[in-house]
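User: Hey, got a minute to go through this one with me? I'd like to start with the ligand and then look at pockets.
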Amino acid sequence: MKIETIAIHAGNHADGSSKAVIQPITLSTTFTREADGSFPAGYIYSRSSNPNRTSLENVLARLESGADAAAFSSGNAAGMTVFQTLKPGTHIICPDDMYHGLRNQIKTLFAGILEFDFIDINDTAVLTSHIKSNTGLIWIETPSNPLLKITDIKKIVEIARKHHIKVACDNTFATPIGQQPLALGVDLVMHSSTKYFGGHSDLMGGALITAEKNEWWTKIRQVQEMGGAIPSPMDCYFLTRSIKTLPYRVRGHVYNAQLLSEYLQKHSKIEKVMYPGLPSHPQHKIAKEQMLNFGGMLSFCVKGGSDEARNVINKLNIFTQATSLGGVETLIEHRASVEGPDTKTPHNLLRVSVGLEHIDDLIADISQALS
Ligand SMILES: *Cc1c(COP(=O)(O)O)cnc(C)c1O
(Lines give C-alpha, C1' and ligand atoms only; values in the text may rest on other atoms or scores of the structure.)
Protein backbone atom coordinates (compact mmCIF):
# COMPACT_ATOMS: atom_id res chain seq x y z
CA MET A 1 0.00 0.00 0.00
CA LYS A 2 1.15 3.56 -0.70
CA ILE A 3 1.50 6.08 2.09
CA GLU A 4 -1.67 8.06 1.17
CA THR A 5 -3.73 4.86 1.50
CA ILE A 6 -2.00 3.84 4.75
CA ALA A 7 -2.71 7.29 6.24
CA ILE A 8 -6.43 6.88 5.63
CA HIS A 9 -6.98 3.20 6.39
CA ALA A 10 -4.35 1.92 8.86
CA GLY A 11 -5.83 3.78 11.83
CA ASN A 12 -9.52 3.48 11.14
CA HIS A 13 -11.23 0.54 12.86
CA ALA A 14 -14.90 0.86 12.03
CA ASP A 15 -17.45 -0.28 14.56
CA GLY A 16 -19.08 -3.58 13.59
CA SER A 17 -22.21 -3.22 15.72
CA SER A 18 -23.35 0.25 14.54
CA LYS A 19 -21.96 0.03 10.99
CA ALA A 20 -20.35 3.46 11.54
CA VAL A 21 -17.75 4.20 8.85
CA ILE A 22 -15.52 6.07 11.28
CA GLN A 23 -14.12 4.61 14.48
CA PRO A 24 -15.94 5.84 17.61
CA ILE A 25 -14.14 7.55 20.51
CA THR A 26 -13.88 5.14 23.45
CA LEU A 27 -13.85 7.33 26.54
CA SER A 28 -14.31 4.46 28.98
CA THR A 29 -11.38 4.15 31.36
CA THR A 30 -12.18 0.52 32.14
CA PHE A 31 -13.39 -2.58 30.30
CA THR A 32 -15.75 -5.40 31.32
CA ARG A 33 -14.40 -8.81 32.26
CA GLU A 34 -15.95 -12.10 31.15
CA ALA A 35 -17.39 -14.54 33.70
CA ASP A 36 -14.03 -16.35 33.82
CA GLY A 37 -12.21 -13.07 34.55
CA SER A 38 -10.68 -12.72 31.08
CA PHE A 39 -10.74 -9.64 28.84
CA PRO A 40 -11.96 -10.86 25.45
CA ALA A 41 -11.12 -7.64 23.56
CA GLY A 42 -7.67 -7.31 25.14
CA TYR A 43 -8.47 -4.03 26.91
CA ILE A 44 -8.34 -3.78 30.71
CA TYR A 45 -7.70 -0.16 31.75
CA SER A 46 -7.07 2.88 29.54
CA ARG A 47 -3.63 3.82 30.87
CA SER A 48 -2.41 0.43 29.62
CA SER A 49 -4.24 0.59 26.31
CA ASN A 50 -7.30 2.06 24.65
CA PRO A 51 -8.88 1.33 21.24
CA ASN A 52 -8.21 4.87 19.97
CA ARG A 53 -4.59 4.71 21.06
CA THR A 54 -4.18 1.31 19.42
CA SER A 55 -5.53 2.76 16.16
CA LEU A 56 -3.19 5.74 16.36
CA GLU A 57 -0.19 3.52 17.14
CA ASN A 58 -1.08 1.22 14.24
CA VAL A 59 -1.11 4.02 11.69
CA LEU A 60 2.06 5.61 13.13
CA ALA A 61 3.95 2.31 12.88
CA ARG A 62 2.83 1.81 9.29
CA LEU A 63 3.65 5.38 8.21
CA GLU A 64 7.25 5.00 9.42
CA SER A 65 7.49 1.36 8.26
CA GLY A 66 8.25 0.32 11.85
CA ALA A 67 7.51 -2.81 13.87
CA ASP A 68 5.53 -0.92 16.51
CA ALA A 69 4.67 2.58 17.75
CA ALA A 70 3.91 4.08 21.16
CA ALA A 71 1.91 7.29 21.54
CA PHE A 72 2.60 9.86 24.28
CA SER A 73 1.01 13.02 25.63
CA SER A 74 3.70 15.28 24.09
CA GLY A 75 6.89 15.12 22.07
CA ASN A 76 8.90 15.83 25.20
CA ALA A 77 7.21 12.91 27.00
CA ALA A 78 8.28 10.67 24.09
CA GLY A 79 11.85 11.98 24.31
CA MET A 80 11.89 11.62 28.11
CA THR A 81 10.79 7.99 27.73
CA VAL A 82 13.83 7.27 25.57
CA PHE A 83 16.23 8.78 28.12
CA GLN A 84 14.48 7.04 31.04
CA THR A 85 15.07 3.63 29.47
CA LEU A 86 18.85 4.12 29.39
CA LYS A 87 20.93 2.62 32.21
CA PRO A 88 22.18 5.34 34.60
CA GLY A 89 25.69 6.35 33.58
CA THR A 90 25.00 5.84 29.86
CA HIS A 91 26.65 8.44 27.64
CA ILE A 92 24.52 10.00 24.91
CA ILE A 93 25.67 12.11 21.98
CA CYS A 94 23.30 14.83 20.79
CA PRO A 95 23.54 17.52 18.10
CA ASP A 96 24.57 20.97 19.32
CA ASP A 97 21.45 22.43 17.67
CA MET A 98 19.06 19.83 19.14
CA TYR A 99 15.46 21.03 19.73
CA HIS A 100 15.94 23.33 22.75
CA GLY A 101 13.10 21.76 24.79
CA LEU A 102 14.77 18.36 24.75
CA ARG A 103 18.25 19.80 25.21
CA ASN A 104 17.00 21.57 28.35
CA GLN A 105 15.24 18.40 29.50
CA ILE A 106 18.48 16.38 29.32
CA LYS A 107 20.57 19.12 30.94
CA THR A 108 18.05 19.76 33.75
CA LEU A 109 16.41 16.41 34.50
CA PHE A 110 19.17 13.96 33.58
CA ALA A 111 22.20 15.75 35.05
CA GLY A 112 23.96 13.23 37.31
CA ILE A 113 21.95 10.35 35.79
CA LEU A 114 23.16 10.26 32.19
CA GLU A 115 26.36 11.61 30.64
CA PHE A 116 25.83 13.77 27.59
CA ASP A 117 27.68 15.80 24.96
CA PHE A 118 26.14 18.29 22.56
CA ILE A 119 28.42 18.38 19.51
CA ASP A 120 28.52 18.99 15.77
CA ILE A 121 27.61 15.43 14.82
CA ASN A 122 27.95 16.27 11.13
CA ASP A 123 31.72 16.47 11.63
CA THR A 124 32.82 12.80 11.56
CA ALA A 125 36.12 13.51 13.36
CA VAL A 126 34.31 15.34 16.17
CA LEU A 127 31.70 12.59 16.43
CA THR A 128 34.16 9.68 16.57
CA SER A 129 36.36 11.51 19.08
CA HIS A 130 33.37 11.76 21.45
CA ILE A 131 32.46 8.05 21.36
CA LYS A 132 33.29 6.37 24.68
CA SER A 133 32.94 2.83 26.04
CA ASN A 134 29.67 3.85 27.78
CA THR A 135 28.14 5.64 24.77
CA GLY A 136 24.74 4.04 24.27
CA LEU A 137 22.84 6.43 22.05
CA ILE A 138 23.34 8.94 19.26
CA TRP A 139 20.41 11.34 18.86
CA ILE A 140 19.88 12.99 15.50
CA GLU A 141 17.45 15.62 14.32
CA THR A 142 17.32 16.40 10.62
CA PRO A 143 16.48 18.91 9.23
CA SER A 144 17.58 20.67 12.40
CA ASN A 145 15.86 23.47 14.24
CA PRO A 146 16.13 26.36 13.43
CA LEU A 147 19.15 26.23 11.07
CA LEU A 148 17.70 23.51 8.81
CA LYS A 149 21.03 21.68 8.84
CA ILE A 150 20.94 18.21 7.32
CA THR A 151 22.55 15.20 8.99
CA ASP A 152 23.64 12.34 6.78
CA ILE A 153 21.58 9.60 8.47
CA LYS A 154 23.27 6.64 6.78
CA LYS A 155 26.71 7.93 7.71
CA ILE A 156 25.79 8.28 11.40
CA VAL A 157 24.19 4.82 11.42
CA GLU A 158 27.33 3.30 9.91
CA ILE A 159 29.55 4.85 12.61
CA ALA A 160 27.10 3.92 15.38
CA ARG A 161 26.83 0.28 14.24
CA LYS A 162 30.61 -0.14 14.33
CA HIS A 163 30.50 0.81 18.01
CA HIS A 164 27.23 -1.01 18.87
CA ILE A 165 25.49 2.29 19.63
CA LYS A 166 21.76 2.85 19.07
CA VAL A 167 20.54 5.72 16.92
CA ALA A 168 17.32 7.66 17.52
CA CYS A 169 16.03 10.27 15.08
CA ASP A 170 13.66 13.17 15.80
CA ASN A 171 11.68 13.14 12.52
CA THR A 172 9.27 15.94 13.49
CA PHE A 173 10.37 18.47 10.84
CA ALA A 174 10.48 16.00 7.94
CA THR A 175 7.44 13.79 8.80
CA PRO A 176 7.32 10.23 7.39
CA ILE A 177 6.06 11.76 4.15
CA GLY A 178 9.40 13.54 3.77
CA GLN A 179 11.85 11.10 5.33
CA GLN A 180 11.91 7.45 6.42
CA PRO A 181 14.75 7.15 8.97
CA LEU A 182 14.07 3.49 9.84
CA ALA A 183 14.67 2.56 6.21
CA LEU A 184 18.05 4.31 6.49
CA GLY A 185 19.04 2.12 9.46
CA VAL A 186 17.91 4.17 12.47
CA ASP A 187 16.70 2.12 15.49
CA LEU A 188 14.03 4.48 16.81
CA VAL A 189 12.07 7.44 15.41
CA MET A 190 10.66 10.16 17.65
CA HIS A 191 7.93 12.67 16.80
CA SER A 192 6.22 15.64 18.29
CA SER A 193 2.76 14.86 16.88
CA THR A 194 1.77 18.33 18.09
CA LYS A 195 3.23 19.54 14.79
CA TYR A 196 2.46 18.10 11.31
CA PHE A 197 0.59 14.98 12.52
CA GLY A 198 -1.93 17.14 14.40
CA GLY A 199 -1.57 19.76 11.70
CA HIS A 200 -4.07 22.27 13.09
CA SER A 201 -2.25 23.69 16.15
CA ASP A 202 -4.92 22.30 18.47
CA LEU A 203 -3.51 19.26 20.22
CA MET A 204 -0.35 17.99 21.92
CA GLY A 205 1.16 14.58 21.32
CA GLY A 206 4.32 12.58 20.87
CA ALA A 207 5.33 9.26 19.39
CA LEU A 208 8.09 6.68 19.25
CA ILE A 209 8.33 4.17 16.43
CA THR A 210 10.72 1.22 16.57
CA ALA A 211 12.45 -0.74 13.84
CA GLU A 212 12.29 -3.91 15.95
CA LYS A 213 10.34 -5.19 18.93
CA ASN A 214 13.46 -5.76 21.03
CA GLU A 215 14.39 -5.51 24.70
CA TRP A 216 14.72 -1.71 24.45
CA TRP A 217 11.19 -1.49 23.05
CA THR A 218 9.84 -3.57 25.95
CA LYS A 219 11.33 -1.00 28.36
CA ILE A 220 9.86 1.87 26.34
CA ARG A 221 6.42 0.24 26.58
CA GLN A 222 6.93 -0.14 30.35
CA VAL A 223 7.73 3.56 30.78
CA GLN A 224 4.69 4.44 28.65
CA GLU A 225 2.34 2.29 30.74
CA MET A 226 3.86 2.75 34.20
CA GLY A 227 4.83 6.39 33.71
CA GLY A 228 1.42 7.12 32.24
CA ALA A 229 2.32 10.06 29.96
CA ILE A 230 -0.32 8.87 27.51
CA PRO A 231 -2.60 10.85 25.17
CA SER A 232 -6.34 10.90 25.89
CA PRO A 233 -8.77 8.93 23.67
CA MET A 234 -9.98 12.31 22.28
CA ASP A 235 -6.47 13.36 21.31
CA CYS A 236 -5.78 9.93 19.81
CA TYR A 237 -8.99 10.20 17.79
CA PHE A 238 -8.18 13.69 16.49
CA LEU A 239 -4.62 12.71 15.65
CA THR A 240 -5.76 9.62 13.73
CA ARG A 241 -8.25 11.86 11.91
CA SER A 242 -5.64 14.50 11.05
CA ILE A 243 -3.15 11.90 9.86
CA LYS A 244 -5.58 10.93 7.08
CA THR A 245 -4.76 14.20 5.30
CA LEU A 246 -1.05 14.32 6.28
CA PRO A 247 0.36 13.26 2.88
CA TYR A 248 -1.66 15.92 1.04
CA ARG A 249 -1.03 18.62 3.65
CA VAL A 250 2.72 17.96 3.45
CA ARG A 251 2.62 18.36 -0.35
CA GLY A 252 1.07 21.79 0.09
CA HIS A 253 3.56 22.83 2.80
CA VAL A 254 6.49 21.72 0.62
CA TYR A 255 5.16 23.47 -2.49
CA ASN A 256 4.70 26.76 -0.63
CA ALA A 257 8.02 26.51 1.24
CA GLN A 258 9.99 25.99 -1.98
CA LEU A 259 8.39 29.02 -3.68
CA LEU A 260 8.67 31.23 -0.59
CA SER A 261 12.35 30.32 -0.11
CA GLU A 262 13.09 31.10 -3.77
CA TYR A 263 11.32 34.47 -3.44
CA LEU A 264 13.20 35.36 -0.24
CA GLN A 265 16.56 34.31 -1.65
CA LYS A 266 16.24 36.91 -4.42
CA HIS A 267 15.17 39.72 -2.07
CA SER A 268 17.68 42.52 -1.48
CA LYS A 269 16.83 42.84 2.24
CA ILE A 270 17.54 39.19 2.96
CA GLU A 271 21.02 38.07 3.95
CA LYS A 272 20.49 34.33 3.74
CA VAL A 273 17.75 31.70 3.36
CA MET A 274 18.02 28.25 4.92
CA TYR A 275 15.87 25.69 3.12
CA PRO A 276 17.15 22.22 2.11
CA GLY A 277 15.33 22.51 -1.22
CA LEU A 278 17.54 25.39 -2.38
CA PRO A 279 20.63 24.36 -4.37
CA SER A 280 22.51 26.99 -2.30
CA HIS A 281 21.85 24.99 0.90
CA PRO A 282 25.22 23.53 2.01
CA GLN A 283 23.80 20.01 2.33
CA HIS A 284 21.32 20.17 -0.55
CA LYS A 285 22.88 17.05 -2.11
CA ILE A 286 22.47 14.92 1.05
CA ALA A 287 18.92 16.23 1.49
CA LYS A 288 18.11 15.21 -2.07
CA GLU A 289 19.45 11.72 -1.45
CA GLN A 290 17.84 10.94 1.88
CA MET A 291 14.62 12.98 1.83
CA LEU A 292 11.48 12.33 -0.19
CA ASN A 293 10.74 16.07 -0.18
CA PHE A 294 12.34 19.11 1.46
CA GLY A 295 9.66 19.87 4.05
CA GLY A 296 7.67 22.93 5.03
CA MET A 297 10.13 24.67 7.37
CA LEU A 298 12.56 27.44 6.45
CA SER A 299 14.59 30.10 8.21
CA PHE A 300 15.98 33.34 6.88
CA CYS A 301 18.27 36.08 8.13
CA VAL A 302 17.21 39.67 7.57
CA LYS A 303 20.01 42.13 6.78
CA GLY A 304 20.72 43.96 10.05
CA GLY A 305 20.07 42.64 13.55
CA SER A 306 17.38 41.81 16.01
CA ASP A 307 15.48 45.11 15.44
CA GLU A 308 15.32 44.72 11.66
CA ALA A 309 14.10 41.14 12.05
CA ARG A 310 11.45 42.12 14.60
CA ASN A 311 10.27 44.98 12.35
CA VAL A 312 9.53 42.50 9.58
CA ILE A 313 7.50 40.28 11.91
CA ASN A 314 5.50 43.20 13.24
CA LYS A 315 4.45 44.36 9.75
CA LEU A 316 3.11 40.96 8.67
CA ASN A 317 -0.65 40.44 8.46
CA ILE A 318 -1.15 36.82 7.39
CA PHE A 319 1.93 35.27 9.01
CA THR A 320 1.17 34.86 12.72
CA GLN A 321 3.93 35.54 15.23
CA ALA A 322 3.93 32.39 17.35
CA THR A 323 6.12 29.45 18.18
CA SER A 324 5.47 25.85 17.04
CA LEU A 325 5.00 24.51 13.54
CA GLY A 326 3.19 22.12 11.26
CA GLY A 327 -0.25 23.75 11.32
CA VAL A 328 -2.26 24.87 8.30
CA GLU A 329 -1.58 28.53 9.18
CA THR A 330 1.82 30.13 8.55
CA LEU A 331 3.75 30.90 11.73
CA ILE A 332 6.85 33.05 12.08
CA GLU A 333 9.07 33.63 15.08
CA HIS A 334 12.20 35.35 16.24
CA ARG A 335 13.90 32.15 17.33
CA ALA A 336 16.70 33.61 19.46
CA SER A 337 14.23 35.15 21.92
CA VAL A 338 12.26 31.88 22.17
CA GLU A 339 15.39 29.87 22.97
CA GLY A 340 16.58 32.18 25.73
CA PRO A 341 19.95 33.56 26.79
CA ASP A 342 22.09 30.46 25.97
CA THR A 343 20.93 30.47 22.33
CA LYS A 344 23.43 30.21 19.50
CA THR A 345 20.79 31.23 16.93
CA PRO A 346 21.62 34.42 15.00
CA HIS A 347 19.61 37.41 16.26
CA ASN A 348 18.48 38.38 12.76
CA LEU A 349 17.03 34.92 12.08
CA LEU A 350 13.32 34.32 11.57
CA ARG A 351 11.90 30.82 11.41
CA VAL A 352 8.84 30.14 9.29
CA SER A 353 6.45 27.20 9.42
CA VAL A 354 5.00 27.65 5.95
CA GLY A 355 1.26 27.04 6.00
CA LEU A 356 -1.32 26.12 3.42
CA GLU A 357 -2.58 29.60 2.52
CA HIS A 358 -2.23 30.52 -1.17
CA ILE A 359 1.43 31.19 -1.95
CA ASP A 360 0.55 34.48 -3.74
CA ASP A 361 -0.97 35.83 -0.51
CA LEU A 362 2.06 34.76 1.54
CA ILE A 363 4.50 36.38 -0.90
CA ALA A 364 2.42 39.57 -1.06
CA ASP A 365 2.41 39.74 2.75
CA ILE A 366 6.16 39.24 3.20
CA SER A 367 6.87 41.59 0.31
CA GLN A 368 4.97 44.48 1.96
CA ALA A 369 6.61 43.67 5.33
CA LEU A 370 10.08 43.88 3.78
CA SER A 371 9.37 47.07 1.85
C1 LIG B 1 8.00 20.60 19.29
C2 LIG B 1 9.16 19.71 19.12
C3 LIG B 1 9.50 18.77 20.10
C4 LIG B 1 8.75 18.66 21.42
O5 LIG B 1 7.43 18.30 21.26
P6 LIG B 1 6.22 18.80 22.21
O7 LIG B 1 5.04 18.15 21.58
O8 LIG B 1 6.23 20.28 22.22
O9 LIG B 1 6.51 18.26 23.59
C10 LIG B 1 10.59 17.93 19.85
N11 LIG B 1 11.30 18.04 18.72
C12 LIG B 1 11.01 18.93 17.76
C13 LIG B 1 11.85 18.99 16.53
C14 LIG B 1 9.94 19.80 17.93
O15 LIG B 1 9.67 20.71 16.98
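Analyst: Sure, here is a quick walk through the ligand site and then the pocket, keeping in mind that this is a predicted model.

User: How many residues surround the ligand, and which are the closest?
Analyst: There are 15 around the ligand, and the closest are Asn 76, Asp 170, Ser 192, Thr 194 and Lys 195.

User: What does Thr 194 do there, distance-wise?
Analyst: An N or O atom in the Thr 194 side chain sits 2.6 Å from a ligand oxygen. Lys 195 has a polar side-chain atom 2.7 Å from an oxygen of the ligand, and for Ser 192 that kind of distance is 2.8 Å.

User: And how much of the ligand does the protein cover?
Analyst: 93% of the 380 Å² of accessible area the ligand has on its own.

User: Which helix and strand supply the shell?
Analyst: Helix H3 (75–84) and strand S6 (188–192) each put in at least two residues. By class, the shell has seven polar, five nonpolar and three charged residues.

User: OK, pockets. What's the volume of the largest pocket?
Analyst: About 370 Å³. Its lining has 18 residues, with Leu 86, Gly 136, His 164, Ile 165 and Lys 166 nearest the centre.

User: Which element gives the most to that lining?
Analyst: H6, with three residues. Helix H6 (153–162), helix H8 (215–227), strand S4 (135–141) and strand S5 (166–170) each supply at least two.

User: And the lining by class?
Analyst: Seven polar, six nonpolar and five charged residues.

Note on methods: Residues numbered from 1 in each chain as written. Predicted model: local features only at pLDDT ≥ 70, side-chain atom pairs only at ≥ 80, totals over all residues. Heavy atoms only, no water. Near = heavy atom within 4 Å. Polar contact = N/O pair within 3.5 Å; in protein donor to acceptor, adjacent residues only side chain to side chain. Areas by Shrake-Rupley, 256 points an atom, 1.4 Å probe, with all protein chains shown as cover. Helix = DSSP H or I, 4+ residues; strand = E, 2+ residues; numbered from the N terminus. Nonpolar A, V, L, I, M, F, W, Y, C, P; charged D, E, K, R; others polar. 1 Å grid on protein atoms, 1.4 Å probe; cavity = no way out; pocket = protein on both sides within 12 Å on 5 of 7 lines; lining within 4 Å. Points joined across faces, edges and corners; volume = space filled by probe spheres on them.
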